[in-house]
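Work through the following exercises with the sequence and the coordinates side by side. Each task is followed by a solution that proceeds step by step.

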Amino acid sequence: MPDLGLSRRSTDGLLGRDIYSSANGAVERISFEDKARRSCGSLVCEGGWVRPWRNRRRPVFEGQWGCSGRCVLELVRAAVRRESGKASGQESGTHRHRVPLGLVMLAQGWITNPQLQAALQAQRASGSGRIGDWLMSECGLEPEQVTRGLSVQWSCPVLSVEGFSARDMALVMPRQFVEEFRLVPLRVAGQRMLYLGCEDRLNASVAYAVEQMSGLKVESGLVDAPSLSGARDKLLAAEGVEYTSEVVPDEDTMAARVTAALEQRQPIAARLVRVHQYYWLRMWLESGTKGSAGSLPRSTEDMQDLVFALERS
Ligand SMILES: [Zn+2]
């Protein structure tokens, strides 16, 4: 295959048991090679003759250049098909036969059986609320203790917000995802690992998307609720990459919108990835946009995100 900066990663990691450990999968890197001349990446290209006024370096989408708007559209359509074929990630993680949190806490000796019964009783009586919240309100547990219990339940680390830089982390993903999925990118370690903090459950779909976009390995973990919401507030107050969010009727319309954006903005690198029900296009518009860690942007300058959602029929 020619110059495929971003080949498709096996979805085994997404569907397999150990979906939250990225350690077993190689993270792909977004290609920032500045090639003087490129050949068309479209598999259905009938080209040969390239319009003399067309730039031969851009736009680049997932490591490939298209010789015409039609060829760019073909590249985009293939990416949309690839992403829509993936498990949405919504179902993963919700019913995975995890040991209930209350039993985890009991087994660890962090609560007594009467305490658990009291919390369950209160939850049943109110008909709502998470058991962790009831353990705090009924039994006086601290948020940190509940987070520790959740980390045992999810077999993941407890992360701290130490070293969190709102300015840097606001560049990782559109704020829409931070708001909606109750998670916060926390920090980059060693320029190759990104820590993603979640409140009460891990999020494989977001973790995978961030890996694809950042070229960094993502380590997910839980952060106690007060610390996480503090970090989230700071992140949301910081300036993020400019983005637009749009609902489109179908995948064809989305592919046309993505193509139009690529043709108009002429990025030197771009990538499309699905995040639950959303499709996220990120464009690096100039060569100075890439920062020191993976393909995370250096600043908001010359970066653009587009987020699409499909209309529900
Ligand atoms: Zn072509």
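Of the 313 residues of the protein, 50% count as buried, that is, they have under 20% relative accessible area with a 1.4 Å probe and protein chains only, where over 50% is exposed and anything in between partly exposed. The model is a predicted one, in which local features need pLDDT of at least 70 and side-chain atom pairs count only at pLDDT 80 or more, while totals for chains, interfaces and linings use all residues. Residues are numbered from 1 along each chain as its sequence is written, and side-chain values use heavy atoms, with hydrogens and water left out.

**Exercise 1. Characterise the coordination of the zinc ion and the exposure of C40 and C45.**

Step 1. Begin with the donors, which are N, O and S atoms within 2.8 Å of the metal (3.2 Å for Na, K and Ca), bearing in mind that water is not among the atoms, so sites may look incomplete. The zinc ion has as its protein donors the SG atoms of C40, C45, C67 and C71, at 2.2 to 2.3 Å, and along the chain these follow the spacing C-x4-C-x21-C-x3-C.

Step 2. Turn to the angles among the four donor atoms, which run from 103 to 116° and make the site tetrahedral, a label given to four donors if all angles lie between 85 and 135 degrees. The ideal angle for four tetrahedral donors is 109.5 degrees.

Step 3. Check the accessibility: C40 counts as partly exposed because its relative value is 22%, and C45, at 27%, is partly exposed as well.

**Exercise 2. Reconstruct the open sheet of four strands and find what packs on it.**

Step 1. Helices (H or I, at least four residues) and strands (E, at least two) are DSSP runs numbered from the N terminus, and the protein has 11 helices and nine strands.

Step 2. The strand order is β6-β9-β8-β7 with mixed pairing, where two strands pair if DSSP finds at least two bridges between them. Since β6 (243–248) and β7 (269–275) each have a single partner strand, they stand at the edges, so one side of each is left without a neighbour in the sheet. Neighbouring strands are turned by 20° against each other on average, direction ignored.

Step 3. β6 and β9 run parallel and are joined by six bridges, with Y243 having D305 in β9 as its bridge partner. β8 and β9 run antiparallel and are joined by seven bridges; here W280 stands opposite V307, and Y278 opposite A309. Of the eight residues of β9, seven are buried.

Step 4. Helix α2 (residues 69–84) lies across β7 and β8, at about 30° to β7, with angles running from 0 to 180 degrees between N-to-C directions of axes fitted to C-alpha atoms, for helices over the stretch in contact (heavy atoms within 4.5 Å). Helix α9 (residues 204–214) also touches β7 and β8, and its direction makes about 175° with that of β7.

**Exercise 3. Locate T300 and list its contacts beyond its sequence neighbours.**

Step 1. T300 is in the loop between β8 (278–284) and β9 (303–310).

Step 2. Leaving aside neighbours within four places in sequence, T300 is in contact with L171, E239, G240 and V241. The C-alpha atoms of T300 and E242 are 7.0 Å apart, although 58 residues separate them along the chain.

Technical notes. Four donors count as tetrahedral if all angles lie between 85 and 135 degrees; four count as square planar and six as octahedral if opposite donors are over 155 degrees apart and all others between 65 and 115; anything else is irregular.
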